[in-house]
Amino acid sequence: MKSQVRGGTRWKRFAVVMVPSVAATAAIGVGMAQGALAASFAVSGQEFKVTANHLYGEGFAQYGGLDMGYADIKEGDKVVPRPVAISTFKDAWITDMCQSVVTPDVPVFGKITLKLTAGTGAKTQAEKVYAHNLYLDVTDLDANAEFTNIDIGMAAKDTAEGTKSGKGPAIKDRINQNGFAQQADKATLTNVRQKAWATTAGTFKLTKLSMRLHKGDGPGVECY
């Protein structure tokens, strides 16, 4: 793995960098005590999958946080914390995007998968999925990644636009502002596979949108 403060950096599994800040018990405890929550809403009890053939983003930042979500998708108001790596982009363009989520125990049918695709086969910028001020609350990510002018180990609050050194969009409320973060001018990811609890964006343009329900789950039904 090649890592440097300035220039391009390629990582096969760049999510590994965030593991100490979002998975260590002590870090989670500190985050909860300081109200370091990611999504500004209570997330559902269903994690979803996302794939993309190509993602190019400008104004990238990443830091750890917690999503508060419902413990059970069926009923009840119990909310539990879930550690996430929050990846943010000022602007992002995505080719061949797929998103899927499985609902179990549907009466008569069993498992039902909701699958959404967009930007399929995009060749031009206008055909790609476009997002402005994009926030991805991720738990697992595999990709080939290249970063331009990357800074690793800075405080999360200093990644926000408008600060002296910030390259990413504004950080969310209630994030642990002094926690570990990294940022880059540009990020290019290919062959992306990820699991996430939440996605938010100021603008989200989905070209060639297709949404379908499928019986069952697993490879061939879900995105992967």
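This is a short tour of the structure above, stop by stop, with something to select at each one.

**Before you start**

The model is predicted, so to speak of local features pLDDT must be at least 70, side-chain atom pairs count only at pLDDT 80 or more, and totals for chains, interfaces and linings use all residues. Residues are numbered from 1 along each chain as its sequence is written, and side-chain values use heavy atoms, with hydrogens and water left out.

**Stop 1: the whole chain**

Show the chain as a cartoon. You should find 2 helices and 8 strands; here helices (H or I, at least four residues) and strands (E, at least two) are DSSP runs, numbered from the N terminus. Followed from the N terminus, the order of elements is β-α-α-β-β-β-β-β-β-β. Of the 224 residues in the chain, 42% are buried. Buried means under 20% relative accessible area, exposed over 50%, and partly exposed in between, with a 1.4 Å probe and protein chains only.

**Stop 2: strand β3 and its partners**

Select residues 79-95, which form β3. Of its 17 residues, 12 are buried, so β3 is largely enclosed by the rest of the structure. On one side of the pairing list is β2, which runs antiparallel to β3 and is joined to it by 16 bridges. Two strands pair if DSSP finds at least two bridges between them. To see one such position, pick L55, which stands opposite I94 in β3. β3 is also joined to β6 by 9 bridges, again antiparallel, and there A85 stands opposite V138 in β6.

While you are here, click on G65 in strand β2. This glycine counts as buried, at 9% relative accessibility. Draw a distance from its C-alpha to that of V84: the two are 5.4 Å apart in space and 19 residues apart in sequence.

**Stop 3: the nonpolar cores**

Now show side chains for F89, M97, F147 and L189. Within the largest nonpolar core, which has 26 residues, these four touch the most other members. A nonpolar core is a set of buried Ala, Val, Leu, Ile, Met, Phe, Trp, Tyr and Cys residues joined through side-chain atoms within 4.5 Å. Two or more residues of the largest core come from each of β2, β3, β5, β6 and β7, and β6 gives the largest share, 10 residues. Next, colour V84, M154, A160 and I175 differently; they are among the members of a second, separate core of 15 residues.

**Stop 4: the cavity**

How many cavities of 30 Å³ or more are there? The count comes to 1, and its volume is about 220 Å³. On a 1 Å grid over the protein atoms alone, a cavity is a set of points where a 1.4 Å probe fits but cannot get out, and lining residues have an atom within 4 Å of a point. Grid points are joined across faces, edges and corners, and the volume is the space filled by probe spheres set on the points.

Select V50, L55, I94, L136 and Q194, the closest to the cavity's centre of the 20 residues that line it. You met L55 and I94 earlier, as opposite positions in the β2 and β3 pairing. At least two lining residues come from each of β2 (48-70), β3 (79-95), β4 (97-106), β6 (129-155) and β7 (180-205). The lining holds 15 nonpolar residues, 5 polar and no charged, where Ala, Val, Leu, Ile, Met, Phe, Trp, Tyr, Cys and Pro count as nonpolar, Asp, Glu, Lys and Arg as charged, and the others, Gly among them, as polar.

**Stop 5: the disulfide**

Zoom to C98 and C223, which are joined by a disulfide with an S to S distance of 2.0 Å; a disulfide is a pair of cysteine sulfur atoms within 2.5 Å. The link is left-handed, with -85° about the S-S bond. C98 lies in strand β4 and C223 in the segment after β8, so the pair ties together parts that are 125 residues apart in sequence. Both ends are buried: C98 has a relative accessible area of 8%, and C223 comes to 17%.

**Stop 6: out in the open**

Finish with β8, residues 210-215. None of its 6 residues is buried, so this strand lies largely in the open. β8 pairs with strand β5 (residues 110-118) in the antiparallel sense over 6 bridges, and L213 is the bridge partner of L114.

Last, select V108 in the loop between β4 and β5. V108 is exposed, with a relative accessible area of 84%, and its phi is positive, near 80°, in a residue other than glycine.

Technical notes. On a 1 Å grid over the protein atoms alone, a cavity is a set of points where a 1.4 Å probe fits but cannot get out, and a pocket is an open set with protein on both sides within 12 Å along at least five of seven lines; lining residues have an atom within 4 Å of a point.
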